[in-house]
Amino acid sequence: MTVGAEGHTRAAIVQLLLEEGPITATAIGSKLGLAAAGVRRHLDALIDSGQARASRSAPWQQKGRGRPAKQYQLTAAGRGQLGHAYDDLAGAAIRQLGEIGGEKAITEFARKRARAIVAGIEPVGQHTPGEQNAADTEAKAEEIAEAFTEAGFAATTRKVGAGVQICQHHCPVSHVAEEFPQLCAAELEAFRELLGTHVQRLATIANGDCACTTHVPLLVLPIAEKKTSAQTAAQPAAVRTNDSGRSAE
């Protein structure tokens with residue numbers, strides 16, 4: 001069996017688990033014309049990856065003597081691997097919001113969404129020169145990354161030169177953000193409000209980069225003294241780079 005055929009077989013088994021699970025390996029083999037041993041190999045792989053689970057049949061479901069047969073079904077993680085139209089639905093909803101309330105409504109929606117992700121995080125205290133100020137800013141960046149990780153962005157921080165970078169390695173709304181950059185701008189606005197300083201987006205997944213990377217200076221100049229830069233901070237990166245982890249220096 002070729003790799004391609006293996007993939008088609010695995011997909012057919014997943015489809016049966018979705019439509020008819022819980023279902024036995026024997027029943028799957030009968031429906032697909034496959035040997036039960038081959039079916040179980042695919043099922044074991046799905047279980048190892050967390051996409052399926054097995055349980056024993058109830059006594060009333062058992063045919064004949066012997067131990068109850070195992071029945072297999074998809075897990076929530078397995079269903080999550082299947083195609084869906086969530087991006088299309090979200091895009092259509094935001095477009096409709098724009099038709100009703102205009103650009104202002106979309107911007108306000110994006111701001112509320114970003115603030116909901118970081119809800120509970122207190123803004124950094126008043127900035128003063130020195131190592132303690134840098135440590136406070138770095139710790140706050142880590143808090144923000146943790147909140148975005150919980151929201152599905154797989155975010156981390158790393159020290160780069162005289163700053164720290166917040167790296168979002170996944171974006172669950174990247175396809176929608178391609179059409180509505182207000183979502184990215186609202187994230188930066190939330191970062192700036194919590195960190196109390198100018199931040200700069202170096203790369204975005206929506207622009208085709210491998211991560212959304214935001215640079216936060218640790219030698220901080222308060223926003224009030226950096227109005228012009230703060231106003232431009234919420235704009236998507238003008239220059240695309242293939243290396244989202246490139247130093248901000």
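The expected span of a helix is 1.5 Å times one less than its number of residues. Keep that yardstick handy for the opening stop, and remember that this is a predicted model.

**Stop 1: the bent helix**

Select residues 86-117, which make up helix α5. With 32 residues, a straight helix would reach 46 Å, but the end C-alpha atoms of α5 are only 19 Å apart. Where does α5 bend? Click on Gly-101: the bend there is about 130°.

Now show the side chains of α5. Buried residues here include Gly-91, Ile-94 and Gly-98, and further on Ala-105, Ile-106, Ala-110, Arg-113, Ala-114 and Ile-117 are buried too. Which helices do the buried residues of α5 pack against? Bring up α6, α7 (174-179) and α8 (182-195) to see those partners.

**Stop 2: salt bridges from α5 outward**

Keep α5 on screen and turn on the charged side chains. Side chains of opposite charge can pair when their charged atoms come close. The structure holds eight salt bridges, and a few of them are worth a visit.

Begin with Arg-95 and Glu-179, whose side chains meet at 2.7 Å, N to O. Glu-179 belongs to α7 and Arg-95 to α5, so this salt bridge ties together parts that lie 84 residues apart in sequence. Are these two buried or exposed? Glu-179 is partly exposed, at 42% relative accessible area, and Arg-95 is partly exposed as well, at 38%.

Next, go to Arg-113, still in α5, and add Glu-187 from α8. Their salt bridge has an N to O distance of 4.0 Å. It ties together parts 74 residues apart in sequence. Unlike the partly exposed Arg-95, Arg-113 is buried, and so is Glu-187.

Stay on Glu-187, since Arg-201 also forms a salt bridge with it, the closest N and O atoms being 3.6 Å apart. Arg-201 sits in strand β5 (residues 200-203), 14 residues from Glu-187 in α8. Both members of this pair are buried. With Arg-113, Glu-187 and Arg-201 all selected, you can see Glu-187 bridging to Arg-113 and to Arg-201.

To finish this stop, select Arg-111, Arg-115, Glu-189 and Glu-193, which salt bridges link into a network.

**Stop 3: a phenylalanine cluster**

Switch to the rings. The model has two aromatic pairs. In one of them, Phe-148 and Phe-153 have ring centres 5.1 Å apart and planes at 70°; the pair is edge-to-face because planes over 60 degrees apart count that way. In the other, Phe-148 meets Phe-191, again edge-to-face, at 5.4 Å centre to centre with 75° between the planes. Phe-148 lies in α6 and Phe-191 in α8, so this contact of rings ties together parts 43 residues apart in sequence.

Colour the three rings together: ring pairs link Phe-148, Phe-153 and Phe-191 into a cluster. How accessible are Phe-148, Phe-153 and Phe-191? Phe-148 is buried at 1% relative accessibility, Phe-153 is buried at 1%, and Phe-191 is buried at 0%.

**Stop 4: two cysteines without a bond**

From Phe-153, hop to Cys-171, which touches Phe-153 and Ile-205, leaving aside residues up to four places away in sequence. Cys-171 is in the loop between β4 (163-168) and α7. Its C-alpha atom is 9.4 Å from that of Ala-155, 16 residues away along the chain.

Now add Cys-212 and look at the sulfurs. A disulfide is a covalent bond between the sulfur atoms of two cysteines. How many disulfides are there? The count is zero. Why is there no bond between Cys-171 and Cys-212? The sulfur of Cys-171 has its closest cysteine sulfur in Cys-212, at 5.3 Å, which is too far for a bond, because the cut-off is 2.5 Å. Both cysteines are buried: Cys-171 at 9% relative accessibility and Cys-212 at 3%.

**Stop 5: two backbone oddities**

Switch off the side chains and look at the backbone of the loop between α6 (131-150) and β3 (155-160), where Ala-154 sits. Ala-154 has a positive phi of about 50° although it is not a glycine. Its relative accessible area is 37%, which makes Ala-154 partly exposed.

Last, go to Pro-22, in the loop between α1 (3-20) and α2 (25-32). What kind of peptide bond joins Gly-21 and Pro-22? A cis one, with omega at about 0°.

Conventions:
Residues are numbered from 1 along each chain as its sequence is written. This is a predicted model: local features need pLDDT of at least 70, side-chain atom pairs count only at pLDDT 80 or more; totals for chains, interfaces and linings use all residues. Side-chain values use heavy atoms; hydrogens and water are left out. Helices (H or I, at least four residues) and strands (E, at least two) are DSSP runs, numbered from the N terminus. Buried means under 20% relative accessible area, exposed over 50%, partly exposed in between (1.4 Å probe, protein chains only). The bend at a residue is the angle between axes fitted to the seven residues ending there and the seven starting there. Contact means heavy atoms within 4.5 Å. Rings of Phe, Tyr and Trp (its six-membered ring) pair if their centres lie within 6.5 Å; planes under 30 degrees apart count as stacked, over 60 as edge-to-face and the rest as tilted.
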